[in-house]
Amino acid sequence: MKKSFVIIVWMTLLASGCVTRNFDSNMELGRSQLHEENYLEAHEAFELAYKEAKTTKAKELKDLSGFLANGMKNYEEQDFKAAQAEFKAAAAYKAKSSEGKHLVTKAMEMASVSQSASIEPGEGKGGSDNAEEFAEPNSEALERKKSSTLEKPAEPVKEKALSEHQAEKLVRDYVDMEKFPHLQIEYAREDKKGNYIFQVFESDQESKGSGHRAVWGWYGVNAETKEVYEVMET
């Protein structure tokens, strides 16, 4: 009887370790896809992570990336009303994590873009005959509108010497995180000068995914010079 109990405990611990590894790897994959703005791929990764461990953060990122993925798909298909509904749902989400808040901000921008695009078709035109007659010019106008409105939020990023993802890699190298596998990194915000701010922290190894962490340090990356520096946070 005692031997059977030991075997059961051992199998439970082994299964728990596998769940933790799968959860962490899917969360990391999801974050990587978010940096590339691949929202569908990010949603699929966070969905797998949530199946492994139903944490609040995994659900938040799964939901938000799903709204953005659907919104982007509808926008590309020029179903602007449907796109706007998805973006508004994400914009109204009460995000708690820094990554979630970043997605909410993106959703707000895209809700405004899709609203502007939905106003353009058919202005000053009436009836089905007119709609057919001006179908081609309206399509061209939509493409111009889509291009011009999408470029506006992207302009600050294009002017920078590096992306958020590249900035994160610089911090990883600066801290030499490969020597400290227990450390994790998370994007926090962008300061007034347009520099990236990251938090490096040590997770509680016995409760990964539960939100318990010990802060290792805060680091900033100059978006123009690529210089990494320590930030004092209170």
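**View 1. K226 lies in the loop between β3 (213–221) and β4 (228–231).** The model shown here and in the other views is predicted. The hairpin made by β3 and β4 has 6 residues between its strands. Within this hairpin, K226 adopts a positive phi of about 70° although it is not a glycine. Its relative accessibility is 44%, so K226 counts as partly exposed.

**View 2. Q78 has a positive phi although it is not a glycine.** The phi of Q78 is about 65°. This residue sits in the loop that runs between α3 (56–76) and α4 (80–91). With a relative accessible area of 32%, Q78 is partly exposed.

**View 3. The largest nonpolar core holds 29 residues.** M27, Y39, F87 and L103 are the members that touch the most other members of this core. At least two residues of the core come from each of α1 (2–35), α2 (39–52), α3, α4 and α5 (98–119).

**View 4. M27 is in contact with residues beyond its neighbours in sequence.** When neighbours within four places in sequence are left aside, the contacts of M27 are F46, A49, K57, A58 and L61. M27 is also one of the members of the largest nonpolar core that touch the most others.

**View 5. A second nonpolar core of 15 residues is separate from the largest one.** Among its members are L162, M177, F198 and V200.

**View 6. Four strands form an open sheet in the order β1-β2-β3-β4.** The pairing in this sheet is antiparallel. β1 (183–190) and β4 stand at the edges; each has a single partner strand, so one side of each is left without a neighbour in the sheet. On average, neighbouring strands are turned by 35° against each other, direction ignored. Strands of a sheet pair through backbone hydrogen bonds, in either a parallel or an antiparallel manner.

**View 7. β2 and β3 pair in the antiparallel sense.** This pairing runs over 8 bridges. I197 has G220 in β3 as its bridge partner, and S203 has R213 in β3 as its bridge partner.

**View 8. Helix α8 (residues 164–175) packs on the sheet.** The helix touches β1, β2, β3 and β4. The direction of α8 makes about 50° with that of β2.

**View 9. β3 and β4 pair in the antiparallel sense.** This pairing runs over 4 bridges. W218 stands opposite V231 in β4. K226, the residue of View 1, belongs to the hairpin of these two strands.

**View 10. Q199 is found in strand β2 (residues 196–203).** Q199 has a relative accessible area of 9%, which is under the 20% limit, so this residue counts as buried. Not counting residues up to four places away in sequence, Q199 touches Q184, I185, E186, R213, V215, G217 and W218. Two of these residues also appear in earlier views: R213 is the bridge partner of S203, and W218 stands opposite V231.

Terms used. Residues numbered from 1 in each chain as written. Predicted model: local features only at pLDDT ≥ 70, side-chain atom pairs only at ≥ 80, totals over all residues. Heavy atoms only, no water. Buried < 20%, exposed > 50% of the residue type's maximum accessible area, 1.4 Å probe, protein only. Core = buried A, V, L, I, M, F, W, Y, C linked by side-chain atoms within 4.5 Å. Contact = heavy atoms within 4.5 Å. Pairing = 2+ DSSP bridges. Axes fitted to C-alpha atoms, helices over the stretch in contact; angles between N-to-C directions.
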